[in-house]
Amino acid sequence: MSRKILMIAAGGLTATLMACPARTPTPPETPRPVRVPKGCEKNQAGEYHHAENPAFRYRGEDDGGTLTLAVVRAREGEQAQGDGGTVSLVLQRTPDGFVGETRATTFTPAGTACPVRFPTQATACDDQGLTLRSATTAAIDENCRPASSGPQPAWKEQRLLRGVPDAGTVGADAGTPPGADAGTPTVK
């Protein structure tokens, strides 16, 4: 009798398994290839200075996927502080390019510190340096949130040259030269 029950149970299990559709494992999604401008796949670590205003100096660290550029000097003899905070650029090598953001801190009229992000991308990398394109302004409200209205930001190309500038090319102040928006974006 127990042999009959075992056969019936085995038959029922077989019928149940046969009734279930076969599950084909879903193949893993193929990652999209990283696409960056020619030369940007190379290590971009090192010292840089702004082509239009050499008083703006940057130190780059590159781990092969992310390049971080920190503003290390904006005025003669002092660390860069922008409008009260540090400024850095963080770019990642992605399928959509060598893209990221410029990170800064600004203050509201009430004195509240606000982190601000400006979209930034590398458009060229060569032995002489980097060419970046970034938004030049960002609008925030009194609560440090992106403003709900206002004009779209303008974009500007910035050129960072490798190395420390010649002593004769650096002025005492990294203020923006007339007619140029060198160095860092502004908040409105």
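In this predicted model, strand 7 and strand 9 run antiparallel and are joined by seven bridges. Within this pairing, Leu 130 faces Leu 160 of strand 9. Strand 9 (residues 155–162) also pairs with strand 1 (residues 46–50), again in antiparallel fashion, through three bridges. Here the residue opposite Leu 160 is His 50. Leu 160 thus has Leu 130 across from it in one pairing and His 50 in the other.

These strands belong to a chain with 10 strands and one helix, and the order along the sequence is α-β-β-β-β-β-β-β-β-β-β. Of the contacts between residues at least 6 apart in sequence, 53% link residues at least 24 apart. The chain has 188 residues, 33% of which count as buried. Its exposed surface comes to about 12000 Å², with 55% supplied by carbon and sulfur atoms.

Turning to the interior, the largest nonpolar core holds 23 residues, and the members touching the most others are Tyr 58, Leu 69, Phe 98, Leu 130 and Leu 132. Two or more residues each come from strand 3 (66–73), strand 4 (88–94), strand 5 (97–107), strand 6 (113–126) and strand 7 (129–135). The greatest contribution, five residues, is that of strand 6. Leu 132 offers a helpful view of the surroundings: beyond its neighbours within four places in sequence, its contacts include Leu 69, Leu 89 and Leu 91, as well as Gln 121, Ala 122 and Thr 123. Lys 156, Glu 157, Gln 158 and Leu 160 are also in contact with Leu 132.

Two disulfides are found in the whole structure, and their connectivity is 1-3, 2-4 when bonded cysteines are counted along the chain. In one of them, the sulfur atoms of Cys 40 and Cys 125 lie 1.9 Å apart. The torsion about this S-S bond is about 90°, so the disulfide of Cys 40 and Cys 125 is right-handed. Cys 40 sits in the loop between helix 1 (2–19) and strand 1, while Cys 125 is in strand 6, which places the partners 85 residues apart. Both ends are buried, Cys 40 at 0% relative accessibility and Cys 125 at 7%.

The other disulfide joins Cys 114 to Cys 144, with an S to S distance of 1.8 Å. Its torsion is about -60°, so this disulfide is left-handed. Because Cys 114 lies in strand 6 and Cys 144 in the loop between strand 8 (137–138) and strand 9, the pair ties together parts 30 residues apart in sequence. Cys 114 is buried at 0% relative accessibility, whereas Cys 144, at 22%, counts as partly exposed.

Terms used:
Residues are numbered from 1 along each chain as its sequence is written. This is a predicted model: local features need pLDDT of at least 70, side-chain atom pairs count only at pLDDT 80 or more; totals for chains, interfaces and linings use all residues. Side-chain values use heavy atoms; hydrogens and water are left out. Helices (H or I, at least four residues) and strands (E, at least two) are DSSP runs, numbered from the N terminus. Buried means under 20% relative accessible area, exposed over 50%, partly exposed in between (1.4 Å probe, protein chains only). Contact means heavy atoms within 4.5 Å. Accessible areas come from the Shrake-Rupley method with a 1.4 Å probe; for residues, only the protein chains shown count as cover. A nonpolar core is a set of buried Ala, Val, Leu, Ile, Met, Phe, Trp, Tyr and Cys residues joined through side-chain atoms within 4.5 Å. Two strands pair if DSSP finds at least two bridges between them. A disulfide is a pair of cysteine sulfur atoms within 2.5 Å.
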